[in-house]
Protein chains: 2
Amino acid sequence: MRLYINDVAVRDGFQIEPRFIPTAAKVELIDHLSRTGLHKVEVTSYVSPKAVPALADNNDVLAGIERVPGVVYVALVPNIRGVQNAAAAPKKADEVNGVISASETHNRANINRTHEQSMGELPTMVKIAHEAGMKITMSLSTTFGCPFEGHVAEDVVLRFVERFREMGLDGISLADTTGMANPRQVEELTRKVLARFPAPDETYYTLHFHNTRGMGLANVIAGIAAGVRSFDGSLGGLGGCPFAPGATGNICTEDMVNMLEDMGYDTRVDLAKLIACARMVPELVGHDVPGQVMKAGVTMHLHELPENLRP
Amino acid sequence: MRLYINDVAVRDGFQIEPRFIPTAAKVELIDHLSRTGLHKVEVTSYVSPKAVPALADNNDVLAGIERVPGVVYVALVPNIRGVQNAAAAPKKADEVNGVISASETHNRANINRTHEQSMGELPTMVKIAHEAGMKITMSLSTTFGCPFEGHVAEDVVLRFVERFREMGLDGISLADTTGMANPRQVEELTRKVLARFPAPDETYYTLHFHNTRGMGLANVIAGIAAGVRSFDGSLGGLGGCPFAPGATGNICTEDMVNMLEDMGYDTRVDLAKLIACARMVPELVGHDVPGQVMKAGVTMHLHELPENLRP
């Protein structure tokens, strides 16, 4: 079965690093990632450079990278201003990704807007993106739980998906923003979404999990069981949880690919190349990252016999 | 659905720590663990104190702990000598757990015996344990893969299970010793084991996973789907992988319980108490441990509103 793997490390991981990653280093990493077989690479965002100085070089990154045919280059856009800036870039992203939280409290905390303000802007965002020749997708943050409100009702999620579909978006990402999803919930809720609003193509729905409580890869399996074929990860597990110092953020892309390939799925990703990319990350960011396979090696990485057993 | 959770940190975790954990600290931790609702606590081993000095205080630990009714206290025994010593202890373990590797190479590397040597000793081990009033179980290491040989044939695993059943063992643990199992493999192989050699009771079969490549909790879900009800974990994810510096070892008990309780399973474990135990571990061992929930909090641990949103 074909699965589609996207990496968000350069945007979602680098954005919280205190050290500015030089534009050339970002470009080099993206150019390596482009050759691993990933479906999408999220490369930057169009957010106020005061809010996210780490990604202030959005236009330079998009202008500097080499576009590999078949790879979708994504930029995050939180609002109309973001889409306008993305549309005005000398070299544009292929796709912009907006964001709204299923929890109103989280939406106000994250992007300072009520649900209706966010949804009110969306048709304009779609129009600007499409007129600029860019696809536009939406991430529904806190789909599986909100760190302020707790439980998020399934009906709220279903209603958002319905409205996104009506607005002509090119894709929807259901995001477990702070790692609250469990596999049973993922399978049940995702099944409902796909049953009521069937996917027009294999990559319309994406699941975006965090590993904050260790359940990330289990949730991927649950998402596959429910019928999703596209999954986000972050190289090396880069990223963190703003609410829990020391806790991990996004699931690790190469750990996910290692698992899925072991299980016989076809990710089209060259795992050795992806691990080589992951091993560039600790030096770039100046600290260890949570990825496991980059340390342990792929599953079938065999070890030398102990001395007493060597022929 | 009732699940049974066992913790192996005091044995499997502490045994590789360079710092000797004082007997009184082990006893205190075990006494706390005994009151969390865990099914079994693996408290020590009867291995040569030269090979594993960290657990040389086996008799003192077993004599020092307070036995909580309903909790099964386990000691690892690698051979006849180990069972003899466990049987001669002033205060005995309730259960001893022997170990053999499905891979012959790993068996020779781990306990310096061929398969036939190991299997030849087993009837004597069973006899000594039972005569001393102790139960005896076997762990089948490298069930899902060997770091030297790679793939382990399912027939080899099935043949070991068959022979264990014939020998009157009280339980069998299928162990993914170096984190090579994937969820598809776990579900398929475990289903075959349970179909051919049905479990006499809910805790006869245990699955023991490592999180070396991040798949540990996904494998637990696969094991439940196959019909297993008993799972090992290690407090705080304590333990490591002897082949991969920096990689994790056993799955983390409290991360597993958090996931299973979120999914609606009945583990009987008081998660708050278990997390309190996990938070004792970093100071005892003098380093950080991989557990996530001890850092992030349980799933429904909510956070204060950001200042601008407070009433």
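Which rotation, with what shift along its axis, superposes chain A on chain B? A rotation of 180° with 0.0 Å of shift along its axis does so, at an RMSD of 0.0 Å; the fit is by least squares on the C-alpha atoms of residues with pLDDT of at least 70 in both copies. That is the relation of a two-fold axis. The C-alpha of A:Ala218, at 2.0 Å, comes closest to the rotation axis among the residues of chain A.

The structure is a predicted model, in which local features need pLDDT of at least 70, side-chain atom pairs count only at pLDDT 80 or more, and totals for chains, interfaces and linings use all residues. Residues are numbered from 1 along each chain as its sequence is written, while chains are lettered from A and ligands numbered from 1 in the order in which they are written.

## The barrel

In chain A, eight strands form a closed barrel in the order β1-β2-β3-β4-β5-β6-β7-β8, with parallel pairing. The average twist from one strand to the next is 30°. Strands (E, at least two residues) and helices (H or I, at least four residues) are DSSP runs, numbered from the N terminus, and two strands pair if DSSP finds at least two bridges between them. The table lists parallel pairs on both chains.

| Strand pair | Bridges | Bridge partners or opposite residues |
|---|---|---|
| β3(A) and β4(A) | three bridges | A:Ala75 and A:Val96 |
| β4(A) and β5(A) | seven bridges | A:Asn97 and A:Thr137 |
| β5(A) and β6(A) | four bridges | A:Ser139 and A:Ser173 |
| β1(B) and β8(B) | four bridges | B:Asp7 and B:Gly233 |
| β1(B) and β2(B) | two bridges | B:Asp7 and B:Val41 |

In chain B, B:Asp7 thus appears in two pairings, standing opposite B:Gly233 in β8(B) and opposite B:Val41 in β2(B).

Strand β4(A), residues 95–101, is mostly covered, with six of its seven residues buried. A residue is buried if 20 or more other C-beta atoms lie within 10 Å of its own, exposed if 12 or fewer, and partly exposed in between, with C-beta atoms placed from the backbone. Helix α5(A), residues 104–111, lies across β4 and β5 of chain A and runs at about 125° to β4(A). Helix α10(A), residues 253–262, packs on the sheet elsewhere, touching β1 and β8 of chain A, and its direction makes about 165° with that of β1(A). Axes are lines fitted to C-alpha atoms, for helices over the stretch in contact, and angles run from 0 to 180 degrees between N-to-C directions.

## The crossover through α4 and A:Gly82

β3(A), helix α4(A) (residues 80–87) and β4(A) make a right-handed β-α-β unit. The crossover is called right-handed if, with the strands pointing away from the viewer, the path from the first strand over the helix to the second runs clockwise.

A:Gly82 is found in helix α4 of chain A. This glycine is buried, with 24 other C-beta atoms within 10 Å. Leaving aside residues up to four places away in sequence, A:Gly82 touches A:Tyr46, A:Val47 and A:Val77; contact requires C-beta atoms, placed from the backbone, within 7 Å. A:Gly82 and A:Met125 are 43 residues apart in sequence, and their C-alpha atoms are 8.8 Å apart in space.

## Helix α10 and the interface

Nine of the 10 residues of α10(A) are buried, among them A:Met256, A:Val257, A:Met259 and A:Leu260. Their cover includes β1, α9, β8, α11 and α13 of chain A together with α9 of chain B. The helix is followed by A:Gly264, whose phi is positive, near 95°.

The contact between the chains takes 44 residues from chain A and 44 residues from chain B. On the side of chain A that touches chain B, α5, α8, α9, α10 and α13 each supply at least two residues, and α10(A) gives the most, with four residues. By class, that side has 23 nonpolar, 15 polar and six charged residues. Here Ala, Val, Leu, Ile, Met, Phe, Trp, Tyr, Cys and Pro count as nonpolar, Asp, Glu, Lys and Arg as charged, and the others, Gly among them, as polar. The same surface serves both copies, as 100% of the contact residues of chain A recur in chain B.

Note on methods: Contact = placed C-beta atoms within 7 Å.
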